[in-house]
Amino acid sequence: MPAYIVKKWDVRNTANQNGNFVEIEGRTPGFISWFMGLMGVEPGVAVRISDKVYSYESGSWGGRYFKTIPIAKISSVYYGYTKPWKQALIFLVALSFFLTGTMRIVDPGLDLFGVIIVSMSVAIVVSLLYYSLNKKITLGVREVGGKAVGIIIKSSVVNGSVLDEVDVEQVGDFVKQLLILNNTRRS
């Protein structure tokens with residue numbers, strides 16, 4: 001399942017004008033997708049949660065897919081996050097060596113210690129940016145009968161939406177409360 005870039009993350013305690021407590025929208029990553037989104041044409045994903053239904057919408061350049069699950073037909077909720085620390089560490093080491101080598105080739109007379117310090121500083125900043133911007137959040141539900149429906153989404157600098165584990169826990173806990181409330185009503 002691809003990771004989408006968050007376009008909208010609206011989680012509230014009271015329903016909005018559409019009756020939803022949660023509205024999450026994402027777009028495919030990349031400049032072309034972002035640019036096409038400005039024109040209203042883009043592949044993406046959306047999750048909307050009311051007190052009655054969990055709605056999932058997925059689109060691509062070839063079409064759209066809609067799924068609506070009554071809250072009473074949801075057996076469980078899953079959510080979490082992954083942090084790309086291994087990739088960031090590999091990126092740090094590789095970029096440090098690359099920058100050090102490049103700077104030594106461009107000007108062999110440069111002080112080796114200074115080159116290493118500059119290279120490491122740049123690599124650390126770039127790796128930290130990579131790490132913070134590539135945290136992936138997973139959110140979904142499992143229908144009675146076993147079919148899982150969910151999304152993987154990550155933060156967006158362009159849209160000004162930075163997400164963390166607290167955000168996904170808030171949505172996951174909300175869906176759990178809906179499930180508990182629904183099960184209590186049926187009992």
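This passage describes the sheet, the nonpolar core and several individual residues of a predicted model.

The model contains an open sheet of eight strands, in which the pairing is mixed. Read across the sheet, the strand order is β5-β4-β3-β2-β1-β8-β7-β6. The edge positions are taken by β5, spanning residues 63-70, and by β6, spanning residues 74-82, and each of these two strands pairs on one side only. From one strand to the next, the twist averages 20 degrees. Strands of a sheet pair through backbone hydrogen bonds, in either a parallel or an antiparallel sense.

Within this sheet, strand β3 (residues 44-50) is placed between β4 and β2 in the strand order. The pairing of β2 with β3 is antiparallel and extends over seven bridges. On the other side, β3 and β4 (residues 53-60) also run antiparallel, and six bridges join them. The connection from β3 to β4 is a hairpin that passes through two residues. Six of the seven residues of β3 are buried, and the strand is therefore largely enclosed by the rest of the structure.

Individual bridge partners illustrate the register of these strands. A46 has E57 as its bridge partner in β4. For R48, the bridge partner in β4 is S55, while E23 stands opposite R48 in β3. In a regular strand, the side chains alternate between the two faces of the sheet.

R48 is also linked to a residue of β2 through its side chain. E25 is located in strand β2, which covers residues 20-27, and its side chain forms a polar contact of 2.9 Å with the side chain of R48. E25 has a relative accessible area of 19% and is classed as buried because this value is under 20%. When neighbours within four places in sequence are set aside, the contacts of E25 are I5, V6, K7, K8, V45, A46, R48 and I153.

Just beyond β2, T28 occupies the loop between that strand and helix α1 (31-38). With a relative accessible area of 22%, T28 is partly exposed. Apart from its neighbours within four places in sequence, T28 is in contact with Y4, I5, S33 and P43. The C-alpha atoms of T28 and A88, which are 60 residues apart along the chain, are separated by 22 Å.

The largest nonpolar core comprises 28 residues. Within this core, the residues with the most contacts are I24, I49, Y54, I151 and I153. At least two core residues are supplied by each of the strands β1 (3-11), β2, β3, β4, β6, β7 (136-143) and β8 (148-154), and likewise by helix α4 (165-186). The greatest contribution comes from α4, which provides six residues. One of the core residues with the most contacts, I153, is also among the residues in contact with E25.

Helix α4 also contains E169. At 37% relative accessibility, E169 is partly exposed. The C-alpha atoms of E169 and I137 are separated by 9.9 Å, with the two positions 32 residues apart along the chain counted as their separation.

Aromatic pairing was examined next. A pair of aromatic rings is described by the distance of the centres and the angle of the planes. The model has three aromatic pairs. One of them is formed by Y56 and Y65 in an edge-to-face arrangement, with 6.3 Å from centre to centre and 65 degrees between the planes. The two partners fall into separate accessibility classes: Y56, at 13% relative accessibility, is buried, whereas Y65, at 40%, is partly exposed.

A further polar contact involves helix α2 (residues 85-106), in which T100 lies. The side chain of T100 makes this contact with the side chain of S119, at 3.2 Å. With neighbours within four places in sequence left aside, T100 is in contact with V115 and I116 as well as with S119. T100 has a relative accessibility of 16% and counts as buried.

Notes. Residues numbered from 1 in each chain as written. Predicted model: local features only at pLDDT ≥ 70, side-chain atom pairs only at ≥ 80, totals over all residues. Heavy atoms only, no water. Helix = DSSP H or I, 4+ residues; strand = E, 2+ residues; numbered from the N terminus. Buried < 20%, exposed > 50% of the residue type's maximum accessible area, 1.4 Å probe, protein only. Polar contact = N/O pair within 3.5 Å; in protein donor to acceptor, adjacent residues only side chain to side chain. Contact = heavy atoms within 4.5 Å. Pairing = 2+ DSSP bridges. Axes fitted to C-alpha atoms, helices over the stretch in contact; angles between N-to-C directions. Core = buried A, V, L, I, M, F, W, Y, C linked by side-chain atoms within 4.5 Å. Phe/Tyr/Trp six-rings, centres within 6.5 Å; stacked < 30°, edge-to-face > 60°.
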